[in-house]
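Hi everyone, thanks for letting me have a slot today. Let me put the structure up, and then we'll walk through it together.

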Amino acid sequence: MMNRLHGKLVGAVLAGAVFAAQGAATLVVPDENLSFKNEIQIGIQRGLNWLQQNQNSNGCWSMPELPAMTAMSLLCFKGDPAGRFAKDEPAFIRRGYAFLLANVKPDGGIYHSNYVTYNTAISMLALLAANRAEYDPVILKARRFLVGLQSDFGEPGKMDTPFDGGIGYGSRYKHSDMGNTLAALEALYYSERLVKDAPGKEPELNYEAAIHFLQNCQNLPTHNKQDWVSEDAKDLGGFIYYPGHSMAGGVTNAATGKVSLRSYGSISYGGMLSYLYAHLKSEDPRVKAVLNWLNGNYTVEENPGMGLEGRMFYYHTMAKALSVAGVSELTLKDGKKVAWRRDLAMKLLNLQQRDGSWVNESNRWMEKDPVLASTYCLMALEMAAKGL
C-alpha cells in the first residue's frame with residue numbers, strides 16, 4: 001500500500017514539473033521531500049484519528065488523575081502541520097479543554113492530586129496552544145504557582161546546595177529533578193508573552209538559580225565540582241536525572257573507589273532544552289558541551305544509555321531540543337552528518353502500529369500506555385515534519 005502510494009506521489013510531482021515546463025518553458029524542480037512529507041502527514045493523521053477515537057466520555061485521555069495526558073493529546077491536535085485544528089475546535093477538543101479547566105485548583109495549579117508540577121506545566125502548554133484570551137487568567141495563575149515551587153533548601157536566597165533553583169514533583173521540600181524542572185521551564189518560557197508588558201508586576205523565576213541546578217546535573221567538570229562527576233569522555237557534557245543520581249547508573253573506579261555517574265540520552269536533550277528555556281545562549285560552553293555529547297551519541301534505535309527504556313520520551317525531547325536550538329544536522333563520531341528530521345520521522349513511521357498508535361515494549365515510565373507513547377511520538381513527528 002505504502003509503496004503504491006509513494007509511486008503515485010512521485011508520479012504526480014514529476015507530471016506537474018513536466019506540465020509547468022511545457023506551459024511556461026520553465027523547468028520547475030520538484031520538492032525532493034514532497035513524497036516523504038505526504039507520508040509523514042498520513043502517519044500524523046492516522047495517529048490523530050486514533051487519539052480522537054480513544055478519548056474518554058468525560059473529555060480526558062488515558063487516566064483522569066493525570067490531566068497532563070489530556071493536555072499532551074490536545075497539543076498533538078494543535079500541532080498538526082496541516083493546521084486543521086489551529087483555530088477550529090470540534091466538540092471533542094472542546095471537551096478536552098473543559099476537562100483541563102475542571103482540574104484548575106484554587107492555588108493556581110492544574111492537577112488532580114499528585115505530580116502537580118508536571119500536570120500544571122503541560123496543561124499550561126495546551127492552554128497556550130489554544131490561543132484564547134479567556135484562558136490567560138488561568139495560565140497566569142498557573143505560572144505564579146510554578147514560580148512558587150522553585151527550590152531553596154539551604155540558607156534562603158543562597159545557592160548553597162546542588163538542588164537549589166530546580167523544581168521537583170510539587171513541594172518545595174522535595175528534591176528537584178530534571179524532568180519537572182524541564183516541564184516548568186518550558187511552560188514559563190512560552191507564557192512569557194503574557195507578562196512581558198508588566199515587568200515587576202508578576203513573580204519571576206530565579207533563572208540564575210535554575211541554571212545553578214541544571215549545571216549540577218551535567219557531567220562537566222569545568223562547571224560541576226561534585227564528587228560523582230565523570231571524567232570519562234563518554235559522559236562529558238551529558239546529563240543525569242538529579243545531583244547524585246543517574247537513571248543510567250554509574251561506574252566504580254577499582255583503584256580509587258570513586259563512583260562516576262553515566263550520562264544518558266533523553267535527559268541530556270532535556271538538559272540542553274532547559275538551558276535554552278533558561279535563556280542561556282547556544283554559544284555558552286555548557287550548551288555546546290551537551291550538544292557535543294548528543295552529536296557523539298546520536299541514534300534513533302534506542303535511548304542512549306537506557307536502551308528501550310524511555311525511548312518515546314527520548315524521541316520527543318530530541319525533536320523539541322534540536323528544533324528549538326535550530327539544529328538541522330548532527331555530526332557523528334566518524335564525521336558523517338545526519339539530517340535528524342528525516343531519520344527520526346522514518347523511524348517513527350516504522351514504529352507506528354496498524355491502528356495508528358505507538359507503544360513502547362518497555363513499560364518504564366509508563367510508555368506502554370498507548371496515549372502517552374502516541375503523544376510523545378506524534379509531537380516528535382509533527383516537529384520533524386515542520387522542518388523538512
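So, to start us off: what covers the buried residues of α6? Have a look while I say one thing up front, which is that this is a predicted model. Okay, back to α6. The cover over its buried residues includes α5, residues 116-130, and α7, residues 178-190. And which residues of α6 are the buried ones? They're Ile139, Leu140, Ala142, Arg143, Phe145, Leu146 and Val147. Arg143 is worth marking on your screen, as is Ile139, since both are in that buried set and both will come back in a minute.

Here's a little check you can do by hand on α6. The helix runs over residues 136-147, so that's 12 residues, and at 1.5 Å a residue the span should be 16 Å. The expected span is 1.5 Å times one less than the number of residues, which is how you get there. In the model, the end C-alpha atoms sit 16 Å apart, so the two agree.

Now, how far can we trust the model? The average pLDDT over the protein is 90, and 91% of the residues score at least 70. The stretch to be careful with is residues 1-25, where the pLDDT is below 50. Beyond near neighbours in sequence, that stretch makes 15 contacts in the model.

Next, a residue that ties back to our helix: Ser191. You'll find Ser191 in the loop between α7 and α8, where α8 is residues 207-215. Is Ser191 buried or exposed? With a relative accessible area of 0%, Ser191 is buried, because the cut-off for that word is under 20%. Leaving out residues up to four places away in sequence, Ser191 touches Met124, Leu128, Ile139 and Arg143. So there are Ile139 and Arg143 again, both from the buried set of α6. As for Met124, it is 67 residues from Ser191 along the chain, yet their C-alpha atoms are separated by 8.2 Å.

Let's hop over to another serine, Ser123, which sits in helix α5. Its relative accessibility is 0%, so Ser123 counts as buried too. What does Ser123 touch, not counting residues up to four places away in sequence? The list is Pro67, Ala68, Ala71, Leu100 and Ile110.

Right, pockets. The largest pocket has a volume of about 760 Å³. It has 33 lining residues, and nearest its centre you find Tyr118, Tyr169, Phe313, Trp365 and Tyr376. Two or more lining residues come from each of α3 (67-78), α5, α7, α9 (265-277), α11 (311-325) and α13 (370-386). Which of them gives the most? That's α7, with five residues. Sort the lining by class and you get 23 nonpolar, six polar and four charged residues.

The second largest pocket holds about 470 Å³ of space. There are 16 residues lining it, and closest to its centre are Leu75, Ala129, Glu186, Tyr190 and Lys320. The elements giving two or more residues here are α3, α5, α7, α11 and α13. This time α13 gives the most, with four residues. By class, the lining has nine nonpolar, two polar and five charged residues.

Last stop: the loops. Two residues have a positive phi although neither is a glycine: Ser62, at about 60°, and Asn131, at about 55°. Ser62 is in the loop between α2, residues 34-53, and α3, while Asn131 is in the loop between α5 and α6. So why does one count as buried and the other as exposed? Ser62 has 18% relative accessibility, so it counts as buried. Asn131 is at 61%, so it counts as exposed, the cut-off there being over 50%.

And one more loop residue, Ser282, sits between α9 and α10, which is residues 285-296. At 42% relative accessibility, Ser282 falls in between those cut-offs, so it counts as partly exposed. Leaving aside neighbours within four places in sequence, Ser282 is in contact with Val287 and Lys288. Also, the C-alpha atoms of Ser282 and Ala325 are separated by 7.2 Å, with their positions 43 residues apart along the chain.

That's my tour, thanks for listening!

Conventions. Residues are numbered from 1 along each chain as its sequence is written. This is a predicted model: local features need pLDDT of at least 70, side-chain atom pairs count only at pLDDT 80 or more; totals for chains, interfaces and linings use all residues. Side-chain values use heavy atoms; hydrogens and water are left out. Buried means under 20% relative accessible area, exposed over 50%, partly exposed in between (1.4 Å probe, protein chains only). Contact means heavy atoms within 4.5 Å. On a 1 Å grid over the protein atoms alone, a cavity is a set of points where a 1.4 Å probe fits but cannot get out, and a pocket is an open set with protein on both sides within 12 Å along at least five of seven lines; lining residues have an atom within 4 Å of a point. Grid points are joined across faces, edges and corners, and a volume is the space filled by probe spheres set on the points. Ala, Val, Leu, Ile, Met, Phe, Trp, Tyr, Cys and Pro count as nonpolar, Asp, Glu, Lys and Arg as charged, and the others, Gly among them, as polar. pLDDT is the predictor's confidence in each residue, from 0 to 100.
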